[in-house]
Amino acid sequence: MTNIILLGPPGAGKGTQAKRLVDERGMIQLSTGDMLREAKASGTEMGRKVAEVMDRGDLVTDEIVIGLIEEKLAGPHGGGFIFDGFPRTLGQADALEALMAKMGESLDAVIEMRVDDAALVARITGRYTCGNCGAVYHDTTRPTKVEGVCDVCGSTDMRRRADDTEDALKQRLMEYYKKTSPLIGYYHAKGALHVIDGLAEIDSVAAAIAKVLDKA
């Protein structure tokens, strides 16, 4: 069983790789957003707290997120946990370390999916999907065979995310680096950080992650 943190900017492919780890290794993905939505719909005491905060439009406190993670760590473990989107700050990293020690767990690896910003911008701003079946395409690297027609289902409902513009992405990258740079140094100092090329082919990225996990 292996517990890891996936770090990487928007569009680096963390979600894709986390899904593969879930499918291939039976790991459990702990995505902050998913946990909050799940808690809100659960009707539990913690869920009611989350609902109250979110309904007010406030940010959920670190204490609540740590409480949700504690509930998950107390449940089925599968092949280990993937922390996705948490921690984002040094305070959260300290809180997670304390929680895992309390639960008798260890953090085995922190994997940073490092990217070249200009290449990432080109990858994301050219991306579009089929609104019918969800197939993903790209203006230059993976266009549809017939312009405007999905190769998979034949739909002409092609969509782009509203925030997949160059300006919006650069702003998201800036926020990521401001918050996450200290974490990279924090985990490097602990000897836990492993850096891989997040812009390599999906299979190559998966192989690099597997290599880290098999040594953890």
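## Notes on the sheets, cores and annotated site

1. Starting with the small sheet: strand β5 (residues 127-130) pairs with β6 in the antiparallel sense, over three bridges. Strands here pair if DSSP finds at least two bridges between them. Helices (H or I, at least four residues) and strands (E, at least two) are DSSP runs, numbered from the N terminus. Within this pair, Thr129 sits opposite Val136 of β6.

2. Before going on, the ground rules. This is a predicted model, where local features need pLDDT of at least 70 and side-chain atom pairs count only at pLDDT 80 or more, while totals for chains, interfaces and linings use all residues. Residues are numbered from 1 along each chain as its sequence is written, and side-chain values use heavy atoms, with hydrogens and water left out.

3. The full small sheet is open and has three strands, ordered β6-β5-β7 with antiparallel pairing. Its edges are β6 (136-138) and β7 (158-159), each of which pairs on one side only.

4. The other sheet is also open, but has five strands with parallel pairing, in the order β2-β3-β1-β4-β8. β2 (28-31) and β8 (193-197) are at the edges with a single partner strand each, so each has one side without a neighbour in the sheet. On average, neighbouring strands are turned by 25° against each other, direction ignored. For angles in general, axes are lines fitted to C-alpha atoms (for helices, over the stretch in contact), and values run from 0 to 180 degrees between N-to-C directions.

5. Zooming in on one edge, β2 and strand β3 (residues 81-84) are parallel partners over four bridges, and Gln29 has Ile82 in β3 as its bridge partner. Helix α2 (residues 32-42) packs on the sheet, touching β2 and β3, with its direction at about 85° to that of β2. Contact means heavy atoms within 4.5 Å.

6. Now the inside. A nonpolar core is a set of buried Ala, Val, Leu, Ile, Met, Phe, Trp, Tyr and Cys residues joined through side-chain atoms within 4.5 Å; buried means under 20% relative accessible area, exposed over 50%, and partly exposed in between (1.4 Å probe, protein chains only). The largest core has 31 residues, and Leu68, Ile69, Phe83 and Tyr187 touch the most other members. At least two residues each come from β1 (4-7), α2, α3 (45-55), α4 (62-73), β3, α5 (90-102) and α7; α4 gives the most, with six.

7. What does Phe83 touch, leaving aside neighbours within four places in sequence? The contacts of Phe83 include Ile4, Leu30, Ile69, Leu96 and Leu107. A second, separate core of 21 residues has Ala12, Val115, Ile124 and Ile209 among its members.

8. A residue to look at in α7 (residues 166-189) is Thr180. Thr180 is buried at 6% relative accessible area and, not counting residues up to four places away in sequence, touches Leu7 and Arg88.

9. An unreviewed UniProt entry lists a "binding site" at Gly11, Ala12, Gly13, Lys14, Gly15, Thr16, Arg127, Val136, Tyr137 and Ala200. UniProt positions are given in the numbering used here, feature names are shortened, and annotations may be inferred rather than shown by experiment.

10. Are Thr16 and Tyr137 buried or partly exposed? Thr16, in helix α1 (residues 14-25), is partly exposed at 39% relative accessible area. Tyr137, in strand β6, is buried at 2%. Leaving aside neighbours within four places in sequence, contacts of Tyr137 include Arg127, Arg142, Cys150, Asp151 and Met158.
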